[in-house]
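Visitor: I would like a close look at one part of this protein, please. Could you walk me through it slowly?

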Amino acid sequence: MSRLLLISNSTQHGRGYLDHVEQELRDFLGAARCVLFAPFALFDREAYAAKARARLEKLGCEMETLSGPEQLSRADAIFVGGGNTFRLLKALQDLALLDAIRGRVAEGMRYLGSSAGSIVAGPSLKTTKDMPIVEPRSFEALGLVPFQISPHYLDPDPASTHMGETQEERILQFLEENDVPVVGLREGGWIRVENGSAVLGGSGGARLFRRGTPPREAAAGNPVDP
């Protein structure tokens with residue numbers, strides 16, 4: 001049974017890296033000690049891996065930087081970090097990691113994603129707001145959950161004079177072309193998937209979108225069923 005923790009943001013304003021989700025991380029990782037880190041969403045992978053290693057060591061975990069599918073067999077968990085979603089997905093494709101990660105997650109390896117790492121847990125990267133700085137072979141992602149995630153979700157500001165599209169408008173445009181539910185996950189929030197159910201956690205809640213129905217709100221502690 002798949003076990004996932006999908007986080008909107010890795011750093012909360014005024015706090016350090018993963019500090020706002022530390023207790024949830026400890027509970028989610030449990031006895032896991034060998035964690036693979038996928039640093040592909042940032043250009044400086046070495047510095048990114050060092051940052052993640054320092055944080056995971058505080059949680060009592062040993063970290064290894066992911067470079068190929070053969071490492072997955074000995075891992076208790078994988079952490080896919082945030083950054084540019086196009087760069088992340090292209091690397092996962094180039095390194096033949098998509099099927100390998102799907103298989104290991106199905107076997108029980110824990111999947112931890114943050115921002116871009118949460119987006120690629122869904123069916124595709126079509127709800128990213130990143131620039132396409134590289135071109136993956138397709139938009140198909142891991143498909144570990146049956147809904148899209150739109151992290152860092154921002155509600156429209158009625159006092160703003162900015163005339164560009166809101167995040168809600170962009171998600172509604174996605175639904176004009178795609179019949180896949182979307183979770184607009186606000187800062188400080190996460191989705192935990194265990195025992196066949198997805199439950200919203202953290203602060204801020206989420207906005208849920210489904211084609212043909214008005215968007216609705218979900219608070220922490222409730223199932224995510226867009």
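Which exposed residues does the face of H6 turned away from its buried side carry?

Guide: Happy to take you there. This is a predicted model, in which local features need pLDDT of at least 70 and side-chain atom pairs count only at pLDDT 80 or more, while totals for chains, interfaces and linings use all residues. Residues are numbered from 1 along each chain as its sequence is written, and side-chain values use heavy atoms, with hydrogens and water left out.

The face you ask about carries Glu176 and Glu177, both exposed. Exposed means over 50% relative accessible area, buried means under 20%, and partly exposed lies in between, with a 1.4 Å probe and protein chains only. Helix H6 itself runs over residues 167-177; helices (H or I, at least four residues) and strands (E, at least two) are DSSP runs, numbered from the N terminus.

Now turn to the buried side. Gln167, Glu168, Ile171, Phe174 and Leu175 are the buried residues of H6. They cover an arc of only 115 degrees around the axis, and therefore sit on the same side of H6. That arc is taken from the directions from the helix axis to the C-beta atoms. The general pattern helps here: an α-helix has 3.6 residues a turn, so residues three or four places apart point the same way.

What lies over this side? The cover of the buried H6 residues includes strand E6 (148-153), strand E7 (182-186), strand E10 (206-210) and strand E11 (213-218), where contact means heavy atoms within 4.5 Å.

Helix H1 (residues 22-29) makes a good companion, with Glu24, Leu25, Phe28 and Leu29 buried. They span an arc of only 120 degrees around the axis, which puts them on the same side of H1. Gln23 and Asp27 are exposed on the other side of H1. The buried residues of H1 pack against strand E1 (4-7), strand E4 (77-80), strand E5 (110-114) and strand E8 (189-194). After H1 comes glycine 30, with a positive phi near 55 degrees.

Stepping back, the protein chain has six helices and eleven strands. Of its 226 residues, 51% count as buried. Among contacts in the protein chain with a separation of 6 or more, 69% join residues 24 or more positions apart.
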